[in-house]
Every structure is written in C-alpha cells, then in structure tokens.
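Dear colleague,

Please find below the structure that I am handing over to you, together with its sequence. My account of what was found in it follows.

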Amino acid sequence: MAGESASAVAFHAGSDALGVYARASVDPKVYGETAILKTAYWFTDQYYLFLAADKNTGLFNVEFRLKQGDSIEKLKEAVDKTAEFARM
C-alpha cells in the first residue's frame, strides 16, 4: 500500500467512481476497536466514513470521503488527525 510504514497507522489515498478517498489502515493490536470507533465518530460531521476489518491482514480500515469538495489534502489531514486522536 502506498505510504505504508512500520507505524500503527498506514495511509492510502486514491479516487474511484464515487470521488476521492483516503484510507487509514489501523492495527487493532495497537489501538483497540473501541478507540478506533470513538475516534472515527469525531469526524462524522465533515466526512462520510466506511469502517471494515480486513480478515487477511488483521487491520481495521477506515475510509474517509468528504461530504463537500474533492481535496486529497483535506482527507490526508483527517487521517493524520485520526492517528493523533487514537494515541490519546
């Protein structure tokens, strides 16, 4: 995955028929499922979110899509903030 590192949160951005998206793949062994869900809730006012566990990798994928606009940079900021909130 593009932008993947040895950290607990990996970032990937792209576009499809629905528009641009950013995806954070989070290790639930580092950040529990409850922390991931509570953190995602804080972003529901500005973003559409899709959350799913990947059975192959064991990671929890959180996909962000803007409710208004089409900015990859704004989506990347949201993913970065997600990582910050999950550390709290």
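Strands E3 and E4 pair in the antiparallel sense, and seven bridges join them. Please keep in mind throughout that this is a predicted model. Six residues lie between the two strands of this hairpin, and Gly58 there takes a positive phi near 80°. Across the pairing, Leu51 stands opposite Val62 in E4.

As to the overall architecture, the protein contains four strands and two helices. Their order along the sequence gives the pattern β-β-α-β-β-α. Of the 88 residues in the protein, 36% are buried. The exposed surface amounts to about 5,700 Å², of which carbon and sulfur atoms supply 53%. If one takes the contacts between residues at least 6 apart in sequence, 45% of them join residues at least 24 apart.

The confidence of the prediction should be read alongside these findings. The mean pLDDT of the protein is 81, and 83% of the residues reach 70 or more. Among the elements, strand E3 has the highest mean pLDDT, at 93, whereas helix H2 (residues 72–87) has the lowest, at 71. For residues 1–6 the pLDDT is below 50, and this stretch has seven contacts in the model beyond near neighbours in sequence.

I turn next to the aromatic residues. A search of the whole structure finds three aromatic pairs. One of them joins Phe43 and Phe64: the ring centres are 5.7 Å apart and the planes stand at 85°, so this pair is edge-to-face. The cut-off behind that description is an angle over 60 degrees. Phe43 belongs to the loop between helix H1 (33–41) and strand E3 (47–53), while Phe64 belongs to strand E4 (residues 60–66); the pair thus links distant parts of the chain, 21 residues apart. Both Phe43 and Phe64 are buried.

Phe64 also forms an edge-to-face pair with Tyr47, with 5.8 Å from centre to centre and 85° between the planes. This pair, too, links distant parts of the chain, since Tyr47 is in strand E3 and Phe64 in strand E4, 17 residues apart. Tyr47 is buried, as is Phe64. Taken together, Phe43, Tyr47 and Phe64 form one aromatic cluster.

A further ring has a charged partner. Lys67 lies over the face of Tyr48, at 5.5 Å from the ring centre.

Finally, Leu51 merits a closer description. This residue lies in strand E3. Is Leu51 buried or partly exposed? Leu51 has a relative accessible area of 29%, and is therefore partly exposed; the cut-off for a buried residue is under 20%. Leaving aside residues up to four places away in sequence, Leu51 touches Ile36, Leu37, Ala40, Phe60, Asn61 and Val62. Val62, one of these, is also the residue that stands opposite Leu51 in E4. The C-alpha atoms of Leu51 and Ala24 are separated by 9.7 Å, although the two residues are 27 apart along the chain.

When viewing the model, you may wish to begin with the hairpin of E3 and E4, continue to the cluster of Phe43, Tyr47 and Phe64, and then examine the contacts of Leu51.

With kind regards

Methods
Residues are numbered from 1 along each chain as its sequence is written. This is a predicted model: local features need pLDDT of at least 70, side-chain atom pairs count only at pLDDT 80 or more; totals for chains, interfaces and linings use all residues. Side-chain values use heavy atoms; hydrogens and water are left out. Rings of Phe, Tyr and Trp (its six-membered ring) pair if their centres lie within 6.5 Å; planes under 30 degrees apart count as stacked, over 60 as edge-to-face and the rest as tilted. Buried means under 20% relative accessible area, exposed over 50%, partly exposed in between (1.4 Å probe, protein chains only). A charge sits over a ring if NZ of Lys or CZ of Arg is within 6 Å of the ring centre and within 35 degrees of the ring normal. Contact means heavy atoms within 4.5 Å. Accessible areas come from the Shrake-Rupley method with a 1.4 Å probe; for residues, only the protein chains shown count as cover. Two strands pair if DSSP finds at least two bridges between them. pLDDT is the predictor's confidence in each residue, from 0 to 100.
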